[in-house]
Amino acid sequence: MAAKKTLRSASALADAGLVAADRLPALERVAAQYAVAITPDMTQLIDEADPFDPIARQFVPTDAELTTLPAESEDPIGDFAHSPVEGIVHRYPDRVLLKPTHTCAVYCRFCFRREMVGPEGLKTLSPDELDAAFAYVAARPQIWEVIVTGGDPFVLSARRIADLMDRLEAIEHVKVVRFHTRIPSVDPEAVTPELVAALKRGSKAVYVALHANHARELTPAVRAACARLVDAGVPMIGQTVLLKGVNDDPESLGALMRALVETRIKPYYLHQGDLAPGTSHLRTSVEEGQALMKAIRGRYSGLCQPTYVLDIPDGHGKVPIGPTYLDAGAVEDPRGQTHAYPPKVD
């Protein structure tokens with residue numbers, strides 16, 4: 001039977017039948033280090049009879065998380081190195097991350113911020129810290145876009161999101177506000193009319209980026225929640241992490257991209273797994289990712305093609321790492337055949 005409340009401990013996972021009781025000692029060590037939370041909507045998607053279930057692999061902890069490789073880092077993409085004030089990350093000239101909270105509705109086992117999020121992680125910004133974050137943005141006219149992330153900003157009340165939007169509305173040079181969230185897929189009922197109205201306040205262009213990694217996540221309830229946003233004029237884009245055993249084959253990845261497009265969400269980024277501690281069991285190689293991108297090119301609509309990207313460790317920025325098709329006067333077509341380019345003319 002599906003859980004009726006969010007599962008937040010190893011013992012709760014065992015009581016729900018998601019982990020065996022003999023695994024509890026190891027999983028309690030994992031949960032003491034990295035936050036655990038699985039919403040009822042995600043719990044009911046897990047096939048308990050499948051030891052390799054792709055939904056479970058994203059959310060159910062495993063003792064593999066206790067293994068940290070030398071290359072893994074507590075801050076793999078350099079948030080702290082580029083945080084001039086609490087709650088702000090400024091890596092690119094024209095945009096900043098605003099992190100008002102470090103709480104999430106679910107805690108992904110591959111999260112690159114797993115050392116920062118959760119009950120034992122960084123706290124929600126205080127009023128003074130939030131004032132300082134907005135002052136930082138207001139003082140820099142080159143900031144064109146504010147990306148509200150965390151944590152998951154949609155765990156905040158509609159009233160608090162409305163307040164964020166009102167404060168951003170007062171900063172004339174900010175033209176675009178982007179929210180990064182998992183809420184529409186893990187708790188679709190939380191996408192209320194009040195939340196939608198809060199996003200629509202003012203004149204800014206507002207986008208919502210949905211994190212989804214498997215087609216099964218796009219249930220009818222999730223598609224309806226996304227429709228509430230899109231029908232209100234809020235464009236949606238999709239972000240996916242390439243995960244071993246979840247979406248690392250052409251059929252699974254293609255099905256996810258189609259499900260997003262059917263939901264009127266444009267696939268945006270496919271992220272190479274970051275070097276977060278205890279995540280090597282979920283990470284593919286770049287070569288495997290490039291082969292996957294080649295495999296879905298031509299087989300699936302151009303609307304279904306995300307950009308495959310790597311966030312360079314230590315905060316050096318995000319770059320596309322997809323396969324190349326043009327080399328030394330030859331171009332490769334989607335079927336793997338090569339052709340001269342420019343064409344040879346007799």
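**Exercise 1. Describe how the two domains of this predicted model sit against each other.**

Solution. Start with the separation: the C-alpha centres of domain 1 and domain 2 are 24 Å apart. The contact between them draws 24 residues from domain 1 and 29 residues from domain 2. As for bounds, domain 1 covers 10-66 and domain 2 covers 80-332.

Next, take the area. Together the two domains bury about 2,100 Å², with 55% of this on carbon and sulfur atoms. On the side of domain 1, the residues that lose the most area to domain 2 are Tyr34, Arg57 and Gln58, which together account for 31% of what that side buries.

**Exercise 2. Work out which polar and charged pairs cross the interface of domain 1 and domain 2, and what the side of domain 1 is made of.**

Solution. Begin with the charged pairs: three salt bridges are found across the interface of domain 1 and domain 2. A salt bridge requires a side-chain nitrogen of Lys or Arg within 4 Å of a carboxyl oxygen of Asp or Glu. The side chains of Arg216 and Asp53 form a salt bridge, with an N to O distance of 2.8 Å.

Then count the polar contacts. There are 13 residue pairs in polar contact across the interface of domain 1 and domain 2, with both residues at pLDDT 80 or more.

Now ask which helices contribute. On the side of domain 1 that touches domain 2, α3 (40-43) and α4 (54-59) each supply at least two residues. The largest share of that side comes from α4, with five residues. Sorted by class, the residues of the side of domain 1 that touches domain 2 are 16 nonpolar, three polar and five charged.

**Exercise 3. Trace the pairing of β1, β2 and β3, giving the direction and a residue pair for each step.**

Solution. The first step joins β1 (residues 88-92) to β2 (residues 95-98), an antiparallel pairing over three bridges. Within it, Val89 is opposite Leu97 of β2. The two strands β1 and β2 make a hairpin, with two residues between them.

The next step goes from β2 to β3 (residues 145-148), where four bridges join strands that run parallel. Here Arg95 is opposite Glu145 of β3.

**Exercise 4. Do the same for β7, β8 and β9, and examine the turn of the hairpin.**

Solution. β7 (residues 265-271) pairs with β8 (residues 307-312) in the parallel sense, through three bridges. Tyr269 is opposite Thr307 of β8.

From β8 the pairing continues to β9 (residues 317-320), with four bridges and an antiparallel direction. Asp311 has Lys318 of β9 as its bridge partner. β8 and β9 form a hairpin with four residues between them.

Asp314 lies in the loop between β8 and β9. Its phi is near 75°, a positive value in a residue other than glycine. Most residues other than glycine have a negative phi.

**Exercise 5. Determine the strand order of the sheet built from β10, β11 and β12, and explain what is left open at its edges.**

Solution. The three strands make an open sheet in the order β10-β11-β12, with antiparallel pairing. The edge positions belong to β10 (326-327) and β12 (338-340); each has a single partner strand, so one side of each lacks a neighbour in the sheet.

For the step from β10 to β11 (residues 330-332), two bridges hold the antiparallel pair. Asp327 has Ala330 of β11 as its bridge partner.

**Exercise 6. Locate the cis peptide bonds at Gly150 and Tyr341, and place each in the chain.**

Solution. Check omega for the bond from Gly150 to Gly151: omega is near 15°, and the bond is cis. Gly151 is in the loop between β3 and α6 (158-169).

Repeat the check for Tyr341 and Pro342. The bond joining Tyr341 and Pro342 is cis, with omega of about 0°. Pro342 falls in the segment after β12.

For comparison, most peptide bonds are trans.

Key
Residues numbered from 1 in each chain as written. Predicted model: local features only at pLDDT ≥ 70, side-chain atom pairs only at ≥ 80, totals over all residues. Heavy atoms only, no water. Domains from an automatic or database assignment. Contact = heavy atoms within 4.5 Å. Buried area = accessible area lost by both parts, 1.4 Å probe. Polar contact = N/O pair within 3.5 Å; in protein donor to acceptor, adjacent residues only side chain to side chain. Nonpolar A, V, L, I, M, F, W, Y, C, P; charged D, E, K, R; others polar. Pairing = 2+ DSSP bridges.
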